[in-house]
Amino acid sequence: MGDILIVDDERDIRELISDILRDEGYPTRVAGTSDDAMTEINRAPPALIILDIWLKDSQMDGIDILKTVKRDNPDIPVVIISGHGNIEIAVAAIKQGAYDFIEKPFNIDQLLVVIRRGMEASRLRQENSALRRRETVPSEMIGTSHPFRTLKANLDKVTKSNGRVMLTGPSGSGKEIAARYIHAHSNRSDGPFITVNSASIEPERMEDVLFGRLSSERGLESGLLEQAHGGIIFFDEVGDMPLGTQSKILRVLTEQQFQRSGGTDNVRVDLRVISSTTKDLGAEVEAGRFRAELYHRLNVVPIEVPGLEERLEDIPELARHFVAKCNAEQGLPAREISDDAIARLQTISWPGNVRQLKNVIERVLILGDGTSAIEAGELPDSGSGATEERVALHGSLATLPLREAREVFEREYLLTQINRFGGNISRTANFVGMERSALHRKLKSLNVVTSSKAGARVARVENDEEGGEDVKAAS
């Protein structure tokens, strides 16, 4: 429950009302002038305002404050009180958006009835606003592979704090899903989750979109920062944010307040910031395209989101999840996926990562017959950029003697299968139909080793890369 702000130039009146409301369990704040009132409202908007019409020694009277509150915080109920009340003042106050009007000397029971109704109206408005702002994009984290479990463990560590998180990883790997997972499991889960797509907003409009605008023609237009108050704002592809906007965002992070375009009032916000990028922001800082101060403030907790090719073990579960999702949301057939199709999905290239896998599954469901299981023949032979490499390899095989060509094929085949099963030699041996000891000998003869990458085992040819930890292939 929020508090109640009591604005009256008579100290005895505001303290009397405050004492009455506190006895009823309402937290209160008081202000004796318009400046004090606006300072309190900007510091933290109250759930309800009790406002005297006449304020001595103030730049604004009660009607002026009412107009400002209804412009900037239209959901706050304002109860007008006045010792000089008449029907004209009451009508004027109601026309300006006042919730109710009470004349001094007021009846305590009448005041409490109005306050209870006003507070209930405030609560309902806040709940409705939160429901409207809350997006329905899911935050499910799907997978069991080691890189996925490492990612989820890191996300779980930051959910209960307010620390700023920087999510890095290739495009389509699920950085927004990770950000939504943090939101859904944080103490801000009842608040909004607002996404700022830095790459899609025109630079000249960025400040209006973020900070909002106040103009005589269109009135108040709240920005995304204001809409995210009490929740999380997610700067997607923050590396694409214009330099001029970066300096203003830095000030918001420092002061937790800003001014709207065309306005002069300071707007205070309570935000948690999560960012994502596919760029090397350290290099962007060195190149002068990203502010070092902002980078260090956003990069408090860096978390890497692995690409799909680092978590091939998760493809079967992800594919089945997308089938079920397309069935529930679009009515597409809930088809099974054959073992051959799973093998194909785990051996082709995924430059678009999880997003590309989702698109492939959706396309197959739309174009398929809708009855039988998804077969390998319905899937692409390779991802973007992989076909040319395969053709070149097959062309070179034609120039080799049989023994050498067989060795090249076996090496590529076993590399693919080991990586498909996340470096697990037992599962690889079972799939290819070899004894585990025989597979170990074969891998040794082909100079195939496994090494650690993103917490998982990946196979490669021993002299294939520089650096890294070379060890014998192991489960």
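**Exercise 1. Classify F409: buried or exposed, or in between?**

Step 1. Take the cut-offs: buried is under 20% relative accessible area, exposed is over 50%, partly exposed is in between (1.4 Å probe, protein chains only).
Step 2. F409 has 47% relative accessibility, so F409 counts as partly exposed.
Step 3. Place the residue: F409 lies in helix α17, residues 402-420. Helices (H or I, at least four residues) and strands (E, at least two) are DSSP runs, numbered from the N terminus.

The model is predicted: local features need pLDDT of at least 70, side-chain atom pairs pLDDT 80 or more, while totals for chains, interfaces and linings use all residues. Residues count from 1 along each chain as its sequence is written, and side-chain values use heavy atoms, without hydrogens and water.

**Exercise 2. State the strand order of the open five-stranded sheet and find its edges.**

Step 1. The order is β7-β10-β13-β6-β14, with parallel pairing. Two strands pair if DSSP finds at least two bridges between them.
Step 2. β7 (193-197) and β14 (301-304) each have a single partner strand, so they stand at the edges, with one side lacking a neighbour in the sheet.
Step 3. Check one edge: five bridges join β7 to the parallel strand β10 (residues 232-236). There, N197 stands opposite D236 in β10.

**Exercise 3. Which strands does helix α7 lie across, and at what angle to β7?**

Step 1. Helix α7 (residues 175-184) lies across β6, β7, β10 and β13. Contact means heavy atoms within 4.5 Å.
Step 2. Helix α7 runs at about 155 degrees to β7. Axes are lines fitted to C-alpha atoms, for helices over the stretch in contact; angles run from 0 to 180 degrees between N-to-C directions.
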